[in-house]
Amino acid sequence: AVAKRQMRRAVKETLTEQEQQVIDLRYGLTLGTPLRQREVADKTGISRSYVSRIEKRALEKLRAVLGDI
């Protein structure tokens, strides 16, 4: 539970709104159901390759704050 709280706080404090949305959808932080990059792209109206780049950048930011995840 502590790790989840820490992760949610890091997502909220570290990432842009777009990065938060992509990470939330990809890893099911809110809904509990992780989506594929294609599904995230369809839901957000951006290309799958852009979803991939946003996800990569967001994970790098989170690793810098939290250590390896």
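These questions and answers go through the fold, the cores and some single residues of a predicted model.

Q: What pattern does the protein follow, read along the sequence?
A: The secondary structure of this predicted model comes to 4 helices and 0 strands. Read from one end of the sequence to the other, the pattern is therefore written with helix symbols, as α-α-α-α.

Q: How does the radius of gyration of the protein stand to the globule rule?
A: For 69 residues the globule rule gives 11 Å. The radius of gyration is close to that value, so the protein is as compact as a globular protein of that length. Along its principal axes the C-alpha trace spans about 30 × 20 × 20 Å. The radius of gyration itself is 12 Å.

Q: What share of the residues in the protein is buried?
A: A residue counts as buried when its relative accessible area is under 20%. The protein exposes about 4800 Å², and carbon and sulfur atoms supply 48% of that area. Of the 69 residues, the buried ones make up 29%.

Q: Is Ala41 buried or exposed?
A: Ala41 has its place in helix H3, which covers residues 37-44. Its relative accessible area is 2%. The cut-off for buried is under 20%, so Ala41, at 2%, is buried.

Q: Which residues is Ala41 in contact with, leaving aside its neighbours within four places in sequence?
A: Contact here means heavy atoms within 4.5 Å. Glu60 lies 20 Å from Ala41, C-alpha to C-alpha, and 19 residues from it in sequence. With the sequence neighbours left aside, the contacts of Ala41 are Ile46, Ser47, Arg48 and Val51.

Q: Which helices each supply at least two residues of the largest nonpolar core?
A: The largest nonpolar core has 8 residues: Val22, Leu25, Leu35, Val40, Ala41, Ile46, Val51 and Ile54. Helix H2 runs over 17-27 and helix H4 over 48-66. At least two residues of this core come from each of H2, H3 and H4.

Q: Which residues does Ile46 touch, not counting residues up to four places away in sequence?
A: Ile46 is one of the residues of the largest nonpolar core. Ala41, Val51 and Ile54 belong to that core too. Beyond four places in sequence, Ile46 touches Gln18, Ala41, Val51 and Ile54.

Q: How many residues are in the second, separate core?
A: This core includes Ile23, Ala58, Leu59 and Leu62. Of these, Leu59 lies in helix H4. The second core has 7 residues.

Q: How far apart in space are Leu59 and Val11, C-alpha to C-alpha?
A: Leu59 counts as buried, because its relative accessibility is 14% and the cut-off is under 20%. In sequence, Leu59 and Val11 are 48 residues apart. In space, C-alpha to C-alpha, the separation is 9.5 Å.

Q: Which residue follows H2 and has a positive phi?
A: The buried residues of H2 are Glu19, Val22, Ile23, Leu25 and Arg26. After H2 comes a residue whose phi is near 65°. That residue is Gly28.

Q: Is Leu31 buried or exposed?
A: Leu31 has its place in the loop between H2 and H3. Leu31 and Ser52 are 20 Å apart in space, C-alpha to C-alpha, and 21 residues apart in sequence. Exposed means over 50% relative accessible area, so Leu31, at 65%, is exposed.

Note on methods: Residues are numbered from 1 along each chain as its sequence is written. This is a predicted model: local features need pLDDT of at least 70, side-chain atom pairs count only at pLDDT 80 or more; totals for chains, interfaces and linings use all residues. Side-chain values use heavy atoms; hydrogens and water are left out. Buried means under 20% relative accessible area, exposed over 50%, partly exposed in between (1.4 Å probe, protein chains only). The radius of gyration is taken over C-alpha atoms; the globule rule is 2.2 Å times the number of residues to the power 0.38. Accessible areas come from the Shrake-Rupley method with a 1.4 Å probe; for residues, only the protein chains shown count as cover. A nonpolar core is a set of buried Ala, Val, Leu, Ile, Met, Phe, Trp, Tyr and Cys residues joined through side-chain atoms within 4.5 Å.
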